[in-house]
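Welcome, and please open your viewer. This tour goes from one selection to the next and tells you what to look for at each stop.

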Amino acid sequence: MFENVPAYAGDPILSLNEDFQRDPRTDKVNLSIGMYFDEAGRLPVMSAVQAVEASLLEAAAPRGYLPMAGHAGYRDAAQALVFGANHEARLAGRIATLQTLGGSGALKVAADFLHRHLPASQIWISDPSWENHRVVFEGAGLTVNTYPYYDPQTGGLRFDAMRAAIDSLPERSVVLLHACCHNPTGVDLDRAQWAELIPVLQRRKLIAFVDMAYQGFGDGLDEDAACVRSLADAGVPLIVASSFSKNFSLYGERCGALSVVCRDADEAQRVLGQLTFAIRSNYSNPPTHGAKLVAGVLSNAALRAAWESELASMRQRIKSMRGRMHEGLAGLVDDVMRERYTSQVGMFTYTGLSEGQVERLRAEHGIYLLRSGRMCVAGLNQQNVGYVVSAIALVAANRDAQK
């Protein structure tokens, strides 16, 4: 019956992580998968989350189905975190927000919604973008295109080319943008560039689709959401996929949210209804436990303060590892490659290493990066950063260092 089903090549990131797990070397370093590890190399369990979980376990409440749109307290808290508690669109009831199966679930539900209600619209993603963006959108039937983004020569942003490309798109095109901590490059637009891009989206009558998987890992919770709030202020048709996997360290709980900013409350209710229909046709309703954890933290002032403090420490630790890489590679690699560690932002850096150099790091040193050269800086710590610096110097040293 299934003899003609081809083999699955595997996801490049998850497959590489499996290879790492099988590697017997004791000095191996996993800088591939996008997860935050603490100084001891472990996934943290945040104290505020532990406190809420302890209270939930003590109560031992029944575990019935959630509504299709998800946990009401979670949806409200997620919306407030993304847009700000007092944003005009939120107070006017113009934002349709629902709980999803992680950020990926938000992308999928939005993709199904767009394909059903805007069938002629195509989507544009950055070049490069997270690998699964194309997979999810094409799987939903959308045509996926790219706009210029990353400059491999400088390790920075091709903003002029990006703006010009977006300024030429047909009306009702969907433009996928990263709010902060761009995956995979770590290259973000600054405030001035967002201020230039937003009028282009307005004038061309485009739909902004913002993926915000790393809120709090760039410059801060409000700072990382500033572009979303500016887009909403400007009246740009706006879809936002957000996630609590990283900033709550709740990867396996699949806590995400999807928000659509509409013209008025009536339109928001109709959009919400169609989004819940998309959920019904996918997985019926979301899980309960993670939503209660997030809602419990965000609705309690003391726990929220503790969470924000711990998240700030995580953000600062990543920045300190960037600084260690930048300092350690001085004189060992060219300045353009070295500067990427401090000019780029968030969990990821495009190192500028070639596929062959990445393979040498894995084969000779047990250091795992993606073939593109993307490094998850959050996998570095005080114990392994010196080893990683030395290994990169061996495979990518400049001519002066090689003499």
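Before the first selection, one cut-off: a residue counts as buried under 20% relative accessible area, as exposed over 50%, and as partly exposed in between. Please also keep in mind that this is a predicted model.

**Stop 1: the whole chain**

Show the protein chain as a cartoon, and you can look for 17 helices and 13 strands. Aligned along its principal axes, the set of C-alpha atoms fills a box of roughly 70 × 55 × 55 Å. The radius of gyration is 21 Å, which agrees with the value near 22 Å that a compact globule of 403 residues would have. Among contacts with a separation of 6 or more, 75% join residues that are 24 or more positions apart.

Now switch on the surface. The chain exposes about 17,700 Å², and 51% of that area comes from carbon and sulfur atoms. Of the 403 residues, 54% count as buried.

**Stop 2: the charges**

Colour the charged side chains by sign: there are 39 positive and 43 negative ones. The centres of these two sets lie 2 Å apart. How many salt bridges does a search of the whole structure find? The search gives 19, and the next stops visit some of them.

**Stop 3: helix α1**

Select residues 12-22, which make up helix α1, and pick out D19 and R22, three residues apart or about one turn of the helix. Their side chains meet in a salt bridge, with N to O at 2.5 Å. Is R22 buried or exposed? R22 has 58% relative accessibility, so R22 counts as exposed. Its partner D19, at 34%, counts as partly exposed.

**Stop 4: helix α6**

Move on to residues 131-139, helix α6, where R134 and E138 sit four residues apart, again about one turn of the helix. A salt bridge joins these two side chains, at 3.1 Å from N to O. Both ends count as partly exposed: E138 has a relative accessible area of 43%, and R134 has 31%.

**Stop 5: R229 and D222**

Select R229 and D222 next; the closest N and O atoms of this salt bridge are 3.2 Å apart. R229 counts as buried because its relative accessibility is 15%, whereas D222, at 48%, counts as partly exposed.

**Stop 6: a network**

For the last selection, show D160, R163 and E196 together. These three residues are linked in a network of salt bridges.

Methods:
Residues are numbered from 1 along each chain as its sequence is written. This is a predicted model: local features need pLDDT of at least 70, side-chain atom pairs count only at pLDDT 80 or more; totals for chains, interfaces and linings use all residues. Side-chain values use heavy atoms; hydrogens and water are left out. A salt bridge is a side-chain nitrogen of Lys or Arg within 4 Å of a carboxyl oxygen of Asp or Glu. Helices (H or I, at least four residues) and strands (E, at least two) are DSSP runs, numbered from the N terminus. Buried means under 20% relative accessible area, exposed over 50%, partly exposed in between (1.4 Å probe, protein chains only). The radius of gyration is taken over C-alpha atoms; the globule rule is 2.2 Å times the number of residues to the power 0.38. Contact means heavy atoms within 4.5 Å. Accessible areas come from the Shrake-Rupley method with a 1.4 Å probe; for residues, only the protein chains shown count as cover. Lys and Arg count as positive and Asp and Glu as negative; His and the chain ends are not counted. The place of a charge is taken as NZ of Lys, CZ of Arg, CG of Asp or CD of Glu.
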